[in-house]
Amino acid sequence: MDVTPIISDLNDAQRQAVTAPSEPTLVIAGAGSGKTRVLVHRAAWLIDVEGVSPQSLLAVTFTNKAAAEMRGRIESLLNLPVNHLWIGTFHGLAHRMLRRHWREAGLPQSFQIIDSDDQLRLLKRLLKSLEIDDSRWVPKEIQWFINAQKDEGLRPQHIDDEGDPDRRQMISFYQSYEEICQRGGLVDFAELLLRAHELLRDNAELLSHYQRRFRHLLVDEFQDTNAIQYAWLRLLAGDSGVPFVVGDDDQSIYRWRGARVEHIHRFQQDFPGTRVVKLEQNYRSTATILNAANAVIANNASRLGKNLWTEGADGEPIKVYSAYNERDEADFVIGRLRDWIAQGNARADSAVLYRSNAQSRVLEEGLINAGIPYRVYGGLRFFERAEIKDALAYLRLIANRDDDSSFERVVNKPTRGIGARTVELMRSYARANACSMWRAAGAIASNDLNGRAANAVTAFMTLIERMAREVRGLDLEDQVDHVIHMSGLVDFFKKDKGEKGETRVENLLELVSAAKSFEPDPAEEMAPLDEFLSHAALEAGEGQADAWEDCVQLMTMHSAKGLEFPLVFICGMEDGLFPHQRSIADPNGLEEERRLCYVGITRAKQTLYVTHAEQRRLHGMDNFSQPSRFIAEIPDEHVEEIRPRVQVSRPMHTARPSRKRGSSISPGGELGIRLGQRVRHKKFGDGVILNCEGQGAHARVEVNFESAGTKWLVLSYANLETF
Ligand code: ATP
Ligand code: MG
């Protein structure tokens, strides 16, 4: 058969999808089965074979990067540029439509997009103008409420107050916020989608124009569309459009942001006669990796159910490494990365994945020390994150009041009523008198400012002085801990309801971990805080690879969706971290975490390492955890456990006689440990030793604690007392 080149490298099921007649089509298939590839080929097929104009196509991807990649792939298949093709994210496409039809959308031509920080500032100003107490009505909660309503397609007049006065108040804030945005021509992210939907819904002519124009609607990652995105799509498709959507119910991981996997069912009801194509052959991963992923996801009850197989070789087993702690874990990952690079592989073909943003810090530190270029994909490196810079600015100011950039960064963060005008006054005073902002602040507070502004400035200066006094003499970690709380930063970010606020708090707490693990260099002869601050500054300025440079990819599992790498590490596979603590008790939450695990595993093409640590210092706390239940869900035959090398030498500090009451256990030493011995742990209380293994620094014991249950502990860290 003479097949056109466009479909020559597709399997039968893929070909069936790509060449399907112009009818609504749903491709539902597992990871790595070629969904994205089918979408790209479908676009090329329509243009090249069906003679569809590129202008009649609308393609939706999940990220801007994916959009650029898709355009490139279509162009290379067709061997010509496709400039008129509308391809982008839902937000990007909605924005484009609003720019073209600003008048019909009821917007000024020069409307501005505001990001989430701008939105929050606006809400704060609103509360102030209404003279409303922002501790009673928290701006972040209002923001969250407004965005959630918009994601559901609701305007204030559509929302039922359910007879609840608080809810009525929220609705009224939404109303006022909307008026301000409308007056100023401001459009937030959620508004882009909602407005674009209303634009089509309320303009029959425009709608029919676009319905005629975009006959073919192609959507990737369909399982993660939210209500307003779906509604927009539904409207555009009308009665004669041909939606062609691809997705995987097992990879729905954005429920917390309003995504609804139910849209897969809804689609089939809304478009009767939908052609459903299933792709079952996986081309990405070895059989071992694929079978492991299949086995894990099989534990989820709510699934459409599908079968994935591969013709590929079995490949290597999945290697599970049990680290003693997060540093040992990072050392292990970096050792393996070194080997991989030494073998002549590209760094960019390797990815290190983790559940929580804050986990990147220890990995970054190791990579910097090892001189391995890396990039944090879809995010900033630890010491460059805004909240970390905020906390460091407080610490810097404590160390040196004349640090102007730190002063400016935090003088009004969290907001304390020091406005731009006051700051400008300080600047000009500082310029005129050639002094620091700090001195300028002191001077103008007592002369030039009105009572309210003067009080705010004085309160800020008193706060810094008080912090400086209170942290004097404390350990470095306690200094950091004190400052992130006392500055109000932790509370400030806590008010942010979404995952973003939570991530920021976690990062701040992780800074305490960083301080705890920081080992000052005695040769430096600096105060530990000063040395820590220089360390942070250097780390922020260093290491991030240039865009063109070949580098290891670090990212959260959420950001890894749709991507693939020959070598993948999944770090921090511990119950409580992954699955995340707050999901464990909730069956829906746990299933979403398991889907995320499925996404993680299926990113790997050839080699997959899974690591967990028995003890982890994260977010400023020491945790002792069990390996993730997801590891146990991988059948044994696919797993090879890597046992850490056993060290014979005894660590110095455990060999020293203890001066405390009782005595520390010295593993493998003359004190020995007896099974059945009673021990006491600072956090877990009293228990009995059940088991022991290993020697020296890596010796571990299993202890049955009376209240905390059974745990494996590393002796050199656990500081057990015998009695
Ligand atoms: P995900 O669910 O992770 O988004 P996907 O279903 O979109 O995965 P793709 O990324 O399109 O899968 O494809 C996975 C890999 O398999 C890619 O490297 C792709 O080029 C390759 N692939 C897909 N189909 C074929 C095929 N018929 N022949 C050769 N390689 C293929
Ligand atoms: Mg894909």
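**Exercise 1. Identify the salt bridge that E502 forms and place it in the context of the interface of domain 3 and domain 4.**

*Solution.*
Step 1. E502 pairs with R582 in a salt bridge, and their closest N and O atoms are 2.7 Å apart. The term denotes a side-chain nitrogen of Lys or Arg within 4 Å of a carboxyl oxygen of Asp or Glu. This is a predicted model, in which local features need pLDDT of at least 70 and side-chain atom pairs count only at pLDDT 80 or more, while totals for chains, interfaces and linings use all residues. Residues are numbered from 1 along each chain as its sequence is written, chains are lettered from A and ligands numbered from 1 in the order in which they are written, and side-chain values use heavy atoms, with hydrogens and water left out.

Step 2. Domain 3 covers 290-379 + 548-643, and domain 4 covers 382-540; such bounds come from an automatic or database domain assignment. The centres of the two domains, taken over C-alpha atoms, are separated by 35 Å. Contact (heavy atoms within 4.5 Å) involves 20 residues from domain 3 and 16 residues from domain 4.

Step 3. About 1,600 Å² is buried between domain 3 and domain 4, 40% of it on carbon and sulfur atoms. Buried area is the accessible area (1.4 Å probe) that two parts lose on being put together, summed over both. On the side of domain 3, R361, R617 and H619 lose the most area to domain 4, together 36% of what that side buries.

Step 4. Four salt bridges are found across this interface.

**Exercise 2. Describe the salt bridge between D390 and R409, and state how buried or exposed each partner is.**

*Solution.*
Step 1. The side chains of D390 and R409 meet at 2.7 Å, N to O. D390 belongs to helix 16 and R409 to helix 17, 19 residues apart; helices (H or I, at least four residues) and strands (E, at least two) are DSSP runs, numbered from the N terminus.

Step 2. D390 counts as buried because its relative accessibility is 0%, whereas R409, at 33%, is partly exposed. The classes are buried under 20% relative accessible area, exposed over 50%, and partly exposed in between (1.4 Å probe, protein chains only).

**Exercise 3. Characterise D402 and D403 in the loop between helix 16 and helix 17.**

*Solution.*
Step 1. D402 forms a salt bridge with R439, with the closest N and O atoms 3.4 Å apart. R439 lies in helix 19 (residues 437-447), and the two residues are 37 residues apart. D402 is partly exposed at 33% relative accessibility, and R439 is exposed at 53%.

Step 2. D403 is buried, with a relative accessibility of 16%. Leaving aside neighbours within four places in sequence, D403 is in contact with R396 and L397.

**Exercise 4. Determine which element holds T607 and which residues T607 touches.**

*Solution.*
Step 1. T607 is part of strand 14 (residues 604-618) and counts as buried because its relative accessible area is 8%.

Step 2. Not counting residues up to four places away in sequence, T607 touches I289, E316, K319, P566, L567 and V568. With E316, the side chain of T607 makes a polar contact of 2.8 Å. That term means a pair of N or O atoms within 3.5 Å; within protein, one must be able to donate a hydrogen and the other to accept it, and residues adjacent in sequence count only if both atoms are side-chain atoms.
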